[in-house]
Amino acid sequence: MSSKGKSITILVAEDDEDDRLLMQEALEENRLANDLHFVSDGEELMDYLLHRGNYSTPTQAPRPSLILLDLNMPRKDGREALKEIKADPDLRQIPIVVLTTSKAEEDILRTYDLGVSSFIAKPVVFESMVQIMKMLGTYWFEIVELPDRASR
Amino acid sequence: MASDICRVLLVDDDEDDYIMTRDFLSEAEQLTFKLDWVDSYPEGLAAIAQNQHDVYLLDFRLGKEDGLELLQAALKLGCTKPIILLTGVGDHDIDQKAMATGASDYLVKGNTLSATLLERSILHAMERKRGEIRQAQLMAELATANQELKDFAYIVSHDLKAPLRGIASLAVWLLKDYGDRLDENGKEMLQLIDGRVRRMGDLIDGVLQYSRVGRVRDEKTNVDLNQVVAAVKDAIAPPVGLEILVDSELPIVFVEKTRIQQVFQNLISNAVKYMGKPEGQIRIGHTTDNGFWQFFVSDTGIGIEERHFEKVFQIFQTLAPRDQSESTGVGLAIVKKIVELYGGRVWVTSQVGHSSTFFFTLPQTLEDRDV
Amino acid sequence: MKSSDPILLVEDDRIDVLNVKRGFKDIHAENPLYVAENGEVALEFLRNSQNPKPALILLDLNMPRMNGLEFLRILKNDPGWRLIPVIVLTTSQEDQDRRHSFELSAAGYIVKPLDYDNFVKILQTIYQYWLLSQSFEGG
């Protein structure tokens with residue numbers, strides 16, 4: 001049940017450098033940065049998941065246990081990437097948590113509609129971020145049982 | 001059928017061949033043959049569909065069609081009797097094709113064909129066919145058994161655990177809500193219920209884990225055992241006085257990572273569990289022997305009597321009294337199952353009161369033993 | 001989710017229902033809790049406009065008449081209902097159940113532990129996590 005001994009791969013899609021640092025530190029603070037990967041837009045996110053472009057070596061882009069997704073990103077934004085992931089039979093089982101500054105009802109509605117697992121408003125203060133990452137980690141990696149990582 | 005008459009059907013458009021075959025079979029020594037003859041493809045197929053014969057002889061040349069086509073058609077009909085193709089001298093390609101298609105044998109017509117050769121070919125073909133059918137039955141039975149095991153594990157996980165959880169909750173609530181109205185005796189009984197419920201839960205989990213070894217497959221990759229052992233050491237977090245040493249640089253093996261991790265995890269935590277004192281040493285290493293890697297995990301623990309060397313690998317066998325032991329006796333059984341699945345062996349040597357060493361082997365070229 | 005939002009528990013085992021009710025009390029969760037004993041009853045609950053729309057559904061898988069995965073499929077195919085996060089609470093540790101649940105956009109998959117105290121801890125984590133997340137309230 002506990003996550004000890006398991007390697008946890010988290011993939012964070014976030015374009016803002018400051019936010020990335022904030023999240024990385026918050027995850028490290030909670031000793032959750034076991035295997036952390038960052039991509040900075042939806043295009044790169046899809047490359048990572050489908051082993052395209054810069055991510056053509058599968059060992060370099062291990063299948064994530066969880067995706068943390070920002071909605072507003074350049075090139076391909078989070079909503080489009082979300083749609084593509086949920087349409088892919090091999091990727092749709094990966095839980096996605098939207099972590100965004102947007103609190104627009106429309107975004108909440110749209111992303112839940114597309115099959116996101118939960119929608120969390122991104123905090124500005126570091127302490128809150130640490131708190132949120134802690135909750136996120138406990139919930140997803142200590143009490144939730146995720147599907148086995150092998151993809152059939 | 002051994003003492004009975006063996007019924008043979010010849011499909012051949014040449015009457016001379018029929019006469020020759022009839023003569024040969026009449027000379028047979030081990031069996032009595034009864035030969036029927038039809039001279040065309042459609043008649044042949046119709047007769048095969050009737051399933052009245054013990055063996056079929058098909059000539060390759062059959063007018064418009066040929067014997068290979070008839071062979072294919074017969075197999076498609078579900079013919080379970082042996083089929084022998086009669087071919088001409090030098091038709092090696094056809095001979096090969098016949099065998100690849102599913103013929104039990106082929107015979108080259110001409111001077112070399114004799115009564116003895118024909119009889120022996122028929123006998124062998126029938127024997128081989130019986131073997132094939134037996135094997136197919138065994139495979140089917142095995143598939144059923146595997147499916148049943150899967151279903152069983154599923155039922156165990158769902159249906160046995162649910163009522164158990166109910167009992168566990170009720171025992172806790174009784175203690176919490178009515179504890180002040182019970183005397184010590186009553187409270188102790190509730191605690192005993194709680195303990196037995198936990199044990200039962202562990203046993204169910206053990207059965208599930210054990211059954212999962214054979215039925216859940218992962219992808220094989222090149223796994224660096226040095227990393228695996230390091231990760232296991234981290235996860236086990238042994239008490240301070242306990243030293244875990246790796247003797248040699250361990251190899252990289254092509255296996256399912258979770259499984260090999262389970263092997264080391266179970267062996268090392270077993271060594272930790274049966275150390276029996278606050279200080280001790282666990283050593284891990286390997287040698288190479290005759291195409292096999294031989295690994296060992298040795299400890300300076302309580303040891304095992306020789307008469308228990310086999311028993312420790314059986315599921316649910318633990319050497320400690322049930323009430324005192326946290327162990328369900330599944331860990332080593334799982335080790336054995338995984339190692340044997342990869343074609344290796346596992347055993348233990350020990351000096352009671354001093355040490356135990358668990359050995360296991362893995363073939364250096366790992367073939368899958370799974371069905 | 002807010003602490004006043006209703007939660008729907010879809011569960012057929014009476015003791016498991018007590019587990020959740022008692023657990024909620026122990027963690028001081030005051031959300032109104034509605035119980036449906038299988039998928040069919042849960043759908044009826046959702047269809048009835050007199051009932052409040054739950055902000056979260058806790059779903060058992062192994063139930064008579066309509067099991068949890070069948071219910072989840074229907075729920076996630078309905079444009080009005082698919083916005084409700086569903087957490088699977090089950091005894092099944094099978095990978096196929098986990099995979100099916102996440103394919104159907106489950107918001108969590110939790111194996112019920114044997115003992116009650118552990119269950120309360122789990123419930124607490126679920127609850128805190130969901131207080132943190134935003135749900136859609138415009139429906």
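Which residues in H2(C) meet Phe71(C), Ile74(C) and Leu75(C) in H3(C)? Keep that question in mind as you start the tour, and remember that what you have open is a predicted model.

**Stop 1: two helices in chain C**

Select residues 39–47 of chain C, which form helix H2, and then residues 68–76 of chain C, which form helix H3. Their axes come within 9 Å and cross at roughly 25 degrees. Angles under 35 degrees count as roughly parallel, so H2(C) is roughly parallel to H3(C). Turn the view until one helix lies in front of the other: H2(C) passes H3(C) in a right-handed crossing.

Now show the side chains to settle the opening question. From H2(C), the residues that meet H3(C) are Gly39(C), Ala42(C), Leu43(C) and Leu46(C). Colour the contact of H2(C) with H3(C) by class and you will find six nonpolar residues, one polar residue and no charged ones.

**Stop 2: a helix pair in chain B**

Move to chain B and select helix H2 (residues 41–50) together with helix H3 (residues 67–76). Here the axes come within 10 Å, and the crossing is at roughly 25 degrees. H2(B) and H3(B) are therefore roughly parallel to each other. The crossing of H2(B) past H3(B) is right-handed.

Pick out Tyr41(B), Gly44(B), Leu45(B) and Ile48(B) on H2(B). They meet Glu69(B), Leu70(B), Ala73(B) and Ala74(B) on H3(B). By class, the contact of H2(B) with H3(B) holds six nonpolar residues, one polar and one charged.

**Stop 3: an oblique pair in chain A**

Next, select residues 17–29 of chain A (helix H1) and residues 126–143 of chain A (helix H5). What angle do these helices pack at? It is about 55 degrees, and their axes are 8 Å apart. H1(A) and H5(A) are therefore oblique to each other. H1(A) passes H5(A) in a right-handed crossing.

On the H1(A) side, highlight Leu22(A), Met23(A), Glu25(A), Ala26(A), Leu27(A) and Glu29(A). On the H5(A) side, highlight Phe126(A), Met129(A), Val130(A) and Met133(A). The residues of this contact of H1(A) with H5(A) divide into eight nonpolar, no polar and two charged.

**Stop 4: where chain A meets chain C**

Zoom out and show chain A and chain C together. The area buried between them is about 2,900 Å², with carbon and sulfur atoms giving 61% of it. Three residues to click on are Tyr112(A), Tyr139(A) and Glu145(A): they supply 22% of the area that chain A buries against chain C, more than any other three residues. In all, the contact takes 32 residues from chain A and 29 residues from chain C.

How many salt bridges are counted between chain A and chain C? The count is one. To see a salt bridge here, select Arg82(C) and Asp113(A), whose closest N and O atoms are 2.8 Å apart.

**Stop 5: where chain B meets chain C**

Finally, hide chain A and bring chain B back beside chain C. This contact takes 23 residues from chain B and 20 residues from chain C. Between them, chain B and chain C bury about 1,900 Å², and 51% of it is on carbon and sulfur atoms.

Four salt bridges are found across the interface of chain B and chain C. For your last selection, try Asp16(C) and Arg165(B), which form a salt bridge with their closest N and O atoms 2.4 Å apart.

How values were computed: Residues are numbered from 1 along each chain as its sequence is written. Chains are lettered from A and ligands numbered from 1 in the order in which they are written. This is a predicted model: local features need pLDDT of at least 70, side-chain atom pairs count only at pLDDT 80 or more; totals for chains, interfaces and linings use all residues. Side-chain values use heavy atoms; hydrogens and water are left out. Axes are lines fitted to C-alpha atoms, for helices over the stretch in contact, and angles run from 0 to 180 degrees between N-to-C directions. Helices (H or I, at least four residues) and strands (E, at least two) are DSSP runs, numbered from the N terminus. Angles under 35 degrees count as roughly parallel, over 145 as roughly antiparallel, 65 to 115 as roughly perpendicular and the rest as oblique. A crossing is left-handed if the near helix is turned anticlockwise from the far one by less than a right angle, and right-handed if clockwise. Contact means heavy atoms within 4.5 Å. Ala, Val, Leu, Ile, Met, Phe, Trp, Tyr, Cys and Pro count as nonpolar, Asp, Glu, Lys and Arg as charged, and the others, Gly among them, as polar. Buried area is the accessible area (1.4 Å probe) that two parts lose on being put together, summed over both. A salt bridge is a side-chain nitrogen of Lys or Arg within 4 Å of a carboxyl oxygen of Asp or Glu.
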